[in-house]
Amino acid sequence: MSIPQFLPGVPVDRVIARLAKAGGKEIESGKFSSPESSAALAVNCFGWFIERPERLPPFPGLAHSGTPEMVDVEFCARFPWRGGRHPWLDAVVQTPTTLIGIESKRFEPFRDAKTVKLSEAYDRPVWGSNMRGFEAMRDRLRSGVEQFAHLDAAQLVKHAFGLVTEGGRRGRAPVLLYLFAEPAKRGDRAIVPEKLQLHRDEIIRFGKAVADDDVRFLACSYREWLGEWGQLDADVAGHAGAVLSVFEP
C-alpha cells in the first residue's frame with residue numbers, strides 16, 4: 001500500500017516544519033513515506049486540528065478537561081535543565097486546564113525490541129513529590145525487575161518526566177495519553193490477536209503502577225477514539241474516515 005504524505009486539510013508547511021525541528025529526521029530519511037510510518041499516522045490525524053483545535057473530539061476519560069485551545073504535532077516537553085536530549089511527543093493538546101501529551105504507536109509494539117536506556121540524569125530530585133510511581137518504574141526497568149515485550153515503558157517514563165515539568169511551566173495538569181493502533185497484519189504476516197491482547201495487558205500493568213502520580217496516564221486505541229467521531233459534524237467524521245481508510249489503524 002502506498003501512503004500519501006498528507007491528508008486533505010492538514011497544513012503541510014506547518015507539519016513539515018515541525019518534523020524538521022524534531023530529532024527523528026522523518027522526512028529526510030524517507031521514514032515518513034514508509035507504509036509502516038507511525039509519524040505519518042499521528043501527524044495526519046492531529047494535523048487537521050492544528051488550525052481548528054476547538055473541533056478536536058475529546059479523548060476517553062478527558063471529556064471534562066475543556067475545549068482545546070491548541071493542537072500541535074512533534075512537541076518537545078523539556079526537562080528542567082538545559083542541554084542533553086529532551087523528549088519529543090507525537091502530538092500535544094492544551095486546554096484551559098490540561099496539557100495532554102500524546103505518544104502514538106502503530107507497528108512498533110509488534111516490531112521493535114524494547115530496550116531500557118535511563119541515564120543517571122533521571123535520578124535528579126526535580127520531578128516533584130508526587131511522581132513516585134514513575135520513579136519506581138524507572139528503577140524497576142533499570143534493574144530488570146519490570147519487563148515489557150510490547151510496551152516501550154522507558155520511553156513513557158521519560159515523557160512523563162517531561163510533561164510534569166512542562167505542565168508546571170504552563171499551569172496545566174499534565175496527562176500522558178498512549179494512543180495505539182492495532183493493525184491486523186504487518187506486510188503479508190498476520191499480527192495474531194494474542195499479541196494485541198498482551199500489548200493491552202502491558203498497558204494496564206503500567207497504568208496501575210503509576211496511577212496515583214501527578215502525570216495522569218491514559219490509553220486508548222485509534223479505532224476506539226476515531227469510532228466516536230461519526231457522531232460529530234460531517235467534516236470531522238470525514239477526516240476520521242480518511243484516517244481509517246488510508247492508515248488502517
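Lys and Arg are counted here as positive and Asp and Glu as negative, while His and the chain ends are left out. On this basis, the chain carries 33 positive and 33 negative side chains, and the centres of the two sets are 4 Å apart. The model described is a predicted one.

The secondary structure of the chain consists of eight helices and seven strands. Along the principal axes, the C-alpha atoms occupy a box of roughly 45 × 40 × 35 Å. The radius of gyration of the chain is 17 Å, which agrees with the value near 18 Å that a compact globule of 249 residues would have. Contacts across the sequence were also examined. Of the contacts between residues at least 6 apart in sequence, 70% join residues at least 24 apart.

Burial was considered next. A residue counts as buried when its relative accessible area is under 20%, and 51% of the 249 residues of the chain meet this condition. The area exposed by the chain is about 11600 Å², and 50% of this area is supplied by carbon and sulfur atoms.

Helix H3 spans residues 38-47, and 10 of its 10 residues are buried, so the helix is largely enclosed by the rest of the structure. The buried residues of H3 include Ala 39, Leu 41, Val 43, Asn 44, Cys 45 and Phe 46. The N-terminal end of H3 is capped by Ser 37, from which a side-chain oxygen lies 3.4 Å from the backbone nitrogen of Ala 39. Ala 39 is thus named twice in the account of this helix, as one of its buried residues and as the partner of the cap.

His 159 belongs to helix H5, which covers residues 153-170. The relative accessible area of His 159 is 3%, and because the limit for a buried residue is under 20%, His 159 is classed as buried. When residues up to four places away in sequence are not counted, His 159 touches Pro 87, Trp 88, Leu 89, Glu 103 and Leu 176.

Leu 232 is placed in the loop between helix H7 (222-226) and helix H8 (234-247). The relative accessible area of Leu 232 is 41%. Since partly exposed residues fall between the buried limit of 20% and the exposed limit of 50%, Leu 232 is partly exposed. From C-alpha to C-alpha, Leu 232 and Gly 162 are 33 Å apart in space, and 70 residues separate their positions in sequence.

Note on methods
Residues numbered from 1 in each chain as written. Predicted model: local features only at pLDDT ≥ 70, side-chain atom pairs only at ≥ 80, totals over all residues. Heavy atoms only, no water. Helix = DSSP H or I, 4+ residues; strand = E, 2+ residues; numbered from the N terminus. Rg over C-alpha atoms; globule rule 2.2 N^0.38 Å. Buried < 20%, exposed > 50% of the residue type's maximum accessible area, 1.4 Å probe, protein only. Contact = heavy atoms within 4.5 Å. Areas by Shrake-Rupley, 256 points an atom, 1.4 Å probe, with all protein chains shown as cover. Charge placed at Lys NZ, Arg CZ, Asp CG, Glu CD. Polar contact = N/O pair within 3.5 Å; in protein donor to acceptor, adjacent residues only side chain to side chain.
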